[in-house]
Amino acid sequence: MSIDESRPFLPVRIAVLTVSDSRTLAEDRSGDTLVERIAAAGHILAARHIEQDERATIVARLHAWIDDPQVDCIITTGGTGVTGRDVTPEALAQVQDKEIPGFGELFRWLSYQTIGTSTIQSRATACVARGTYIFALPGSTGAVRDAWDGILVSQLDSRFRPCNFVELMPRLNER
């Protein structure tokens, strides 16, 4: 598992959605962490927005970005817990074509190394929707770091071997 420098790096256009009833852009440390890591990895920030914990507005934002040809990937932060207001996984379920169950499983395994059994409260998940990857992360900066540094930085790098999500992008809408 490594970066193959002989392969070209293909930047991914990533939209960042923070799901929160209380945060503003000025207070969005998790979103800031994602934006910093996206830029540091050489990717393109395609869009950034904050939505309240309302399933219909999250779904509407996801549909808009899924249909935008300038967005290859969406990363959400927040709304993946178990409280009544946490509805991000349900919103993803409304737009997804295919779930990526291994993402949530691997995220919780990585998170366990940091926060122990508290990781069981996370419903981090991922899917493909009409050719767009969507990754739903918890709202803490630690969770964002765990997901980006432990999974996404390599899977969104076209040079990562033995395989990565980027090389599959041209085939996501195959029938």
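Start by selecting helix α2, residues 55–66, in this predicted model. Colour I58, V59, L62, W65 and I66: these residues of α2 are buried. Now look down the helix axis; the buried residues fall within an arc of 130°, so they line one face of α2. To see what covers them, show β2 (13–19), β3 (44–51), β4 (73–77), α3 (88–95), β6 (125–129) and β7 (132–137), which are among the covering elements. While you are here, check the length of the helix: at 1.5 Å a residue, 12 residues should span 16 Å, and the end C-alpha atoms of α2 are indeed 16 Å apart.

Next, turn to the aromatic rings. The whole structure holds 4 aromatic pairs. Select F103 and F135: their ring centres lie 5.2 Å apart and their planes meet at 55°, so this pair is tilted. F103 sits in helix α4 (residues 101–115) and F135 in strand β7, so many steps along the chain separate them that the pair links distant parts, 32 residues apart. Both F103 and F135 are buried.Keep F135 and add F165: this pair is also tilted, with 5.6 Å from centre to centre and 45° between the planes. F165 belongs to the segment after β8 (160–161) while F135 is in β7, so the pair ties together parts that are 30 residues apart in sequence. F165 is buried, as is F135. Add Y133 to your selection and you have a cluster, in which ring pairs link F103, Y133, F135 and F165.

Now for the charged side chains, where the whole structure has 15 salt bridges. Three stops are worth making here:

- Select R159 and E5, whose closest N and O atoms are 3.4 Å apart in a salt bridge. R159 is in the loop between α5 (141–155) and β8, and E5 is in the loop between β1 (2–3) and β2, 154 residues apart. R159 is buried at 18% relative accessible area, whereas E5 is exposed at 61%.
- Select D72 and R13, which meet in a salt bridge at 2.8 Å, N to O. D72 lies in the loop between α2 and β4 and R13 in strand β2, so the bridge ties together parts 59 residues apart in sequence. D72 is buried at 15% relative accessibility, and R13 is partly exposed at 25%.
- Select D149 and R37, a salt bridge with its closest N and O atoms 2.8 Å apart. It links helix α5, home of D149, to helix α1, home of R37, across 112 residues. D149 is partly exposed, at 44% relative accessibility.

Then pick R23, D28, D32 and R48, which salt bridges with shared partners join into one network.

For a last stop, find A40 in helix α1 (residues 29–40). A40 is exposed, at 72% relative accessibility. Draw a distance from its C-alpha atom to that of C127, 87 residues away along the chain, and you should read 24 Å.

Note on methods. Residues numbered from 1 in each chain as written. Predicted model: local features only at pLDDT ≥ 70, side-chain atom pairs only at ≥ 80, totals over all residues. Heavy atoms only, no water. Helix = DSSP H or I, 4+ residues; strand = E, 2+ residues; numbered from the N terminus. Expected span 1.5 Å × (residues − 1). Buried < 20%, exposed > 50% of the residue type's maximum accessible area, 1.4 Å probe, protein only. Arc of directions from axis to C-beta. Contact = heavy atoms within 4.5 Å. Phe/Tyr/Trp six-rings, centres within 6.5 Å; stacked < 30°, edge-to-face > 60°. Salt bridge = Lys/Arg side-chain N within 4 Å of Asp/Glu carboxyl O.
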